[in-house]
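Grab the coordinates and work through these exercises with your viewer open. Try each task yourself before reading its solution.

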Amino acid sequence: MSATVTTTVSISAPDVLQVTPLENAPFGARITLPSYAQDPADLNDEDFQRLYGAVHEHLVVVLPDLADLKPSSQYQLTKRFDPTCEGAYGHSKEFRHEKSVLRRDGYSTPSQPQVQILGQGRHDGHAGVADLVLRHPTHMSFHHDPLSDDDMANGYTRFYRWHIDSALYGLAPPVVTTLLGIDCPVDKKQKLRYEDTGEEITTAKAATAFASGAIAFENLSDEDKKFALNTIVVYAPHPYIFISPARATSDGLTMVSEGKELPLEELPEWEDSKVKRLPLVWTNPVTGKHHMQVHGCCIWKLETPEGTVELEEARKIIHRLMRPNISPERIYCHDWNEGDLVIFFNRGVWHSVTGQFEEGGHRLMHQCNIASGVDPVCQK
């Protein structure tokens with residue numbers, strides 16, 4: 001009897017950064033780092049330009065096996081995408097305001113305050129933070145009509161809030177966001193249900209969902225494209241505080257109009273010069289494509305060639321334009337694996353948290369985005 005011989009084949013890392021489009025997804029790519037760069041912050045200029053181009057072309061890119069990435073490296077990599085950024089976290093100090101809807105969504109890393117610690121459960125001592133207890137944001141506290149306990153017990157969930165990472169007051173939107181999965185529930189599933197159509201999709205628990213602003217613009221009618229290209233979105237002063245008493249639609253695209261928003265005189269002091277007036281369409285500086293980019297929950301008014309559209313009607317218009325583009329075939333839901341570093345073009349996609357955790361559930365992530373020095377533009 002002949003002996004069995006086992007041959008081990010080693011696959012060496014490439015000499016240059018590799019970009020592989022994701023299969024069965026409307027956009028997105030997987031990145032393989034070159035052999036010399038175990039840390040993506042160490043990429044040389046040529047390979048970083050490949051990464052920069054991939055993020056702008058594919059909108060969401062995934063770098064695997066980076067669970068030990070240091071917060072300092074994540075910050076340096078994030079900052080490298082935008083030479084104009086000033087180094088401040090994209091939401092500044094209002095992220096922690098007692099009335100902000102974002103106030104409980106994370107903690108700053110002591111060694112690198114621009115990197116936020118997100119997740120669920122107790123992670124005492126992580127990154128030097130004592131008594132670290134994280135809360136995963138869920139639709140139950142944010143939607144006007146949340147799912148029933150029975151639905152959630154049967155594995156159903158929703159998109160929490162479709163958004164762009166940005167303070168939307170005073171600061172310009174970040175160019176990219178980087179998200180690092182450190183401790184992720186890879187063996188549990190959830191079902192996302194669309195209340196208006198009854199459609200369902202199954203993902204890993206707490207997947208992050210992405211929608212392409214380019215696909216959104218491309219699918220507009222000619223009339224809506226003309227409208228979008230000539231419309232300015234005016235965001236509310238201190239928008240995350242302004243909307244705090246209100247509740248969202250069941251798809252997480254915008255807010256239900258009931259007059260519950262905080263009156264302007266009850267907001268923290270604000271200046272009209274810091275109110276963000278941004279185009280509804282942002283032009284991708286690499287591909288030249290138009291992206292319909294809007295944070296539907298935080299809008300205040302629309303400025304159109306025909307005049308100003310006030311809050312309730314503005315929400316109706318934006319919801320109509322956004323809704324087709326979160327349909328199952330048009331979105332990419334990232335099912336997290338430990339060590340995934342996801343970089344997304346924050347000026348080209350919208351994204352949403354999904355899911356809720358059972359008692360004792362765990363999740364740990366690092367997030368970084370940095371306010372830009374310049375606002376996005378629409379090049380008609």
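**Exercise 1. Which residue shares a 2.9 Å side-chain polar contact with Asp340, and where does Asp340 lie?**

Solution.
- Step 1: Start with the side chains. In this predicted model, Asp340 and His334 are joined by a polar contact of 2.9 Å.
- Step 2: Check the backbone too. A polar atom of the Asp340 side chain sits 3.0 Å from the backbone nitrogen of Asn337.
- Step 3: Place the residue. Asp340 belongs to the loop between β18 (331-334) and β19.
- Step 4: Decide on burial. The cut-off for buried is under 20% relative accessible area, and Asp340 counts as buried because its relative accessibility is 4%.
- Step 5: List the surroundings. Setting aside residues up to four places away in sequence, Asp340 touches Val62, Leu63, Pro64, Asp65, Leu179, Leu180, Gly181, His334 and Asp335.
- Step 6: Add a long-range check. Leu33 is 307 residues from Asp340 along the chain, and their C-alpha atoms are separated by 13 Å.

**Exercise 2. Asp65 and Leu59 have positive phi values. Is each one buried or exposed?**

Solution.
- Step 1: Take Asp65, one of the residues that Asp340 touches. Its phi is near 65 degrees, a positive value in a residue other than glycine.
- Step 2: Locate Asp65 in the loop between β3 and α2. With a relative accessible area of 69%, Asp65 is exposed.
- Step 3: Now Leu59. Its phi is about 75 degrees, again positive although Leu59 is not a glycine.
- Step 4: Leu59 is in the loop between α1 and β3 (60-63). At a relative accessible area of 4%, Leu59 is buried.

**Exercise 3. Ser212 touches Leu59. What does the side chain of Ser212 reach at 3.0 Å?**

Solution.
- Step 1: Find Ser212 in strand β11 (residues 208-212).
- Step 2: Follow its side chain, which reaches the backbone nitrogen of Ile215 at 3.0 Å.
- Step 3: Look past the sequence neighbours. Beyond four places in sequence, Ser212 touches Phe27, Leu59, Gly348 and Val349.
- Step 4: Check accessibility. Ser212 is at 2%, so it counts as buried.

**Exercise 4. Which elements do the buried residues of α2 pack against, and which residues does Asp47 in α1 contact?**

Solution.
- Step 1: Pick out the buried residues of α2 (residues 71-80): Pro71, Ser73, Gln74, Tyr75, Leu77 and Thr78.
- Step 2: Trace their partners. These buried residues pack against α1 (45-58), β4 (107-109), β5 (112-122), β8 (176-183), β19 (341-345) and β21 (363-369).
- Step 3: Move to α1, where Asp47 lies. Asp47 is buried, with a relative accessible area of 1%.
- Step 4: Beyond four places in sequence, Asp47 contacts Asp15, Val16, Leu17, Pro34 and Tyr36.

**Exercise 5. Why do the buried residues of α7 line one face of the helix?**

Solution.
- Step 1: Size up the helix. α7 (residues 311-322) has 12 residues and reaches 16 Å from its first C-alpha to its last, close to the 16 Å expected.
- Step 2: Mark the buried positions: Leu311, Ala314, Arg315, Ile317, Ile318, Leu321 and Met322.
- Step 3: Look down the axis. The buried residues of α7 fall within an arc of 165 degrees, so they line one face.
- Step 4: Name the packing partners: α5 (222-229), α6 (239-242), β15 (290-292), β16 (299-304), β17 (307-309) and β20 (349-353).
- Step 5: For contrast, try Glu312, also in α7. At 46% relative accessibility, Glu312 counts as partly exposed.

**Exercise 6. How many residues does the largest nonpolar core have, and what gives the most to it?**

Solution.
- Step 1: Count the core: the largest nonpolar core has 56 residues, and Trp162, Leu280, Met292 and Ile331 have the most contacts inside it.
- Step 2: Find the main contributor. α7 gives the most to this core, with 6 residues.
- Step 3: Zoom in on Leu280. Its contacts beyond four places in sequence include Phe227, Met292, Ile318 and Leu321.
- Step 4: Don't stop there. A second, separate core of 43 residues includes Val55, Leu77, Phe210 and Leu364.

**Exercise 7. Where is the pLDDT below 50?**

Solution.
- Step 1: Get the overall picture. The chain has a mean pLDDT of 92, with 92% of its residues at 70 or more.
- Step 2: Go to residues 1-10, where the pLDDT is below 50. Beyond near neighbours in sequence, this stretch has 0 contacts in the model.
- Step 3: Apply the usual caution: where pLDDT is low, the predicted coordinates should not be read in detail.

Key
Residues numbered from 1 in each chain as written. Predicted model: local features only at pLDDT ≥ 70, side-chain atom pairs only at ≥ 80, totals over all residues. Heavy atoms only, no water. Helix = DSSP H or I, 4+ residues; strand = E, 2+ residues; numbered from the N terminus. Buried < 20%, exposed > 50% of the residue type's maximum accessible area, 1.4 Å probe, protein only. Polar contact = N/O pair within 3.5 Å; in protein donor to acceptor, adjacent residues only side chain to side chain. Contact = heavy atoms within 4.5 Å. Expected span 1.5 Å × (residues − 1). Arc of directions from axis to C-beta. pLDDT = per-residue confidence, 0-100. Core = buried A, V, L, I, M, F, W, Y, C linked by side-chain atoms within 4.5 Å.
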